[in-house]
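Welcome, and please open the structure in your viewer. We will go from stop to stop, selecting one thing at a time.

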Amino acid sequence: MARHDGPIRWGIAATGQIANQFATAFAKVADVDASLAAVGSRRRETAEAFATEHGIDRAHGSYGELAGDDEVDIVYVASLQPGHADDAVRFLDAGKHVLVEKPMALSAAQLDRITAAARANDRFAMEAMWMRFNPGPVAAVEAVTQGAIGSLIRLDIDFSLAVPDDSDHRLRSLEKGGGGLLDLGIYPVTLAWWLLGQPGSWTVEGEVAGGVDTRCVIDATWADTTATLSCGLDGAGPITARLTGTDGEIELTAPFFATSVIRRSGSDGEFPAASLHWQVDEVHRCVRAGERESSRNPLATTRAILAWCDEIRAELGVRYPAEGS
């Protein structure tokens, strides 16, 4: 992939909550020659309102129009999860780079379609797993890797929320890609993988209602480490990550994936605030350097995590209509 010189012009696909957070955070990006150039929505009036709110020049009434915008270089795909694969491929085939909100796809097979399109069109693609770029979690992982708490022996990581018992709620809708694992549990699973890679063995217990997983507890084992990774929709959990080693402990305070406070052996370390702009800085670095993937968040890792989630969902009996037959 050729190095990208000159302005980097972003488009945003969708206008929901995460798209709004992304547009607001964009003001903090380090690259002064980057801008939000366009937004696309399935309803033109929604796109126009979003563009007005965030000072974006062009509003498109469909993703097809956004894909055809020659003044857009990269698209942030913030649509509902069942649309991530189709939307990402659409933009890649139109010659755009993509940053796709997590989970990047519903399954490893869907991610393979995105990866193939990125390679065929010689374009950059990355999952927007902001935890991997937020300063607090990055510092915690670096501390463990450098032996600050000795050898890692235990992980306890939770992301559980009290979600309204409403079948129309996104997290409770199978058609909208709901369920705890791919929306909430993806954070504990990703942090564990980030620290240790693929587990040697694992078991899962959970509950399913309306076709989606409402509680999921994964017990995983590596050579010298055990972990309990939990997520759920029916009650608020601690939303913390406790990393225990032979010589100490590190706690990522709530919410662990966006924490700015790391507790280590009774003392606190403070880090810059979490923000969606940190991952944008990495995208800019890669595109400027002509790199099709981020070495900090490679597609192979994203695929491996999704493949593990595929197996976990199979154990729980959860399958999305968008996955096909």
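Which residues does Lys-96 touch, not counting residues up to four places away in sequence? Select Lys-96 and show what surrounds it: you should find Leu-66, Ala-67, Asp-69, Asp-70, Val-72, Asp-73, Val-75, Phe-91 and Arg-123. Keep in mind throughout that this is a predicted model.

**Stop 1: around Lys-96**

Trace the backbone on both sides of your selection. Lys-96 sits in the loop between helix H4 (84–93) and strand E5 (97–101). Is Lys-96 buried or exposed? With a relative accessible area of 3%, Lys-96 is buried, because buried means under 20%.

Now zoom in on the side chain of Lys-96. One of its polar atoms lies 3.1 Å from the backbone oxygen of Val-72. Next, select Asp-69, another residue that Lys-96 touches. Asp-69 and Lys-96 are 27 residues apart along the chain, yet their C-alpha atoms are separated by 9.7 Å.

**Stop 2: His-97**

Move on to His-97, which belongs to strand E5. His-97 counts as buried too, at 7% relative accessibility. Which backbone nitrogen lies 2.9 Å from a polar atom of the His-97 side chain? Select Phe-124 and you have found the residue that supplies it.

Leaving aside neighbours within four places in sequence, His-97 is in contact with Met-1, Asp-73, Ile-74, Val-75, Arg-123, Phe-124 and Val-287. Asp-73, Val-75 and Arg-123 may look familiar: they are also among the residues that Lys-96 touches.

**Stop 3: helix H6**

Select residues 135–145 to bring up helix H6. How many of the eleven residues of this helix are buried? Nine of them are, so H6 is largely enclosed by the rest of the structure. Colour these buried residues if you like: Pro-135, Gly-136, Pro-137, Val-138, Ala-139, Ala-140, Val-141, Ala-143 and Val-144.

What covers them? Turn on E7, H7 and helix H8 (277–289), then strands E11 (241–245), E12 (248–252) and E13 (261–264); the cover includes each of these elements. After H6, look for Gly-147, whose phi is positive, near 85°.

**Stop 4: Glu-175**

Now select Glu-175, in the loop between strand E7 (152–160) and helix H7 (180–196). Is Glu-175 buried or exposed? Its relative accessible area is 59%, so Glu-175 is exposed, a label that calls for over 50%.

Not counting residues up to four places away in sequence, Glu-175 touches Pro-82 and Pro-321. Then add Val-212 to your selection. Glu-175 and Val-212 are 37 residues apart in sequence and 9.6 Å apart in space, C-alpha to C-alpha.

**Last stop: the whole chain**

Zoom out and show everything as a cartoon. The chain has nine helices and 14 strands. Its radius of gyration is 19 Å, close to the 20 Å that the globule rule gives for 325 residues, so the chain is as compact as a globular protein of that length. Turn the C-alpha trace along its principal axes and it spans about 55 × 40 × 35 Å.

Buried residues make up 57% of the chain's 325 residues. Switch to a surface view: about 13100 Å² is exposed, with 47% of it supplied by carbon and sulfur atoms. Finally, colour by charge to pick out 29 positive and 46 negative side chains; the centres of the two sets lie 3 Å apart.

Conventions:
Residues numbered from 1 in each chain as written. Predicted model: local features only at pLDDT ≥ 70, side-chain atom pairs only at ≥ 80, totals over all residues. Heavy atoms only, no water. Helix = DSSP H or I, 4+ residues; strand = E, 2+ residues; numbered from the N terminus. Buried < 20%, exposed > 50% of the residue type's maximum accessible area, 1.4 Å probe, protein only. Contact = heavy atoms within 4.5 Å. Polar contact = N/O pair within 3.5 Å; in protein donor to acceptor, adjacent residues only side chain to side chain. Rg over C-alpha atoms; globule rule 2.2 N^0.38 Å. Areas by Shrake-Rupley, 256 points an atom, 1.4 Å probe, with all protein chains shown as cover. Lys, Arg positive; Asp, Glu negative; His and termini not counted. Charge placed at Lys NZ, Arg CZ, Asp CG, Glu CD.
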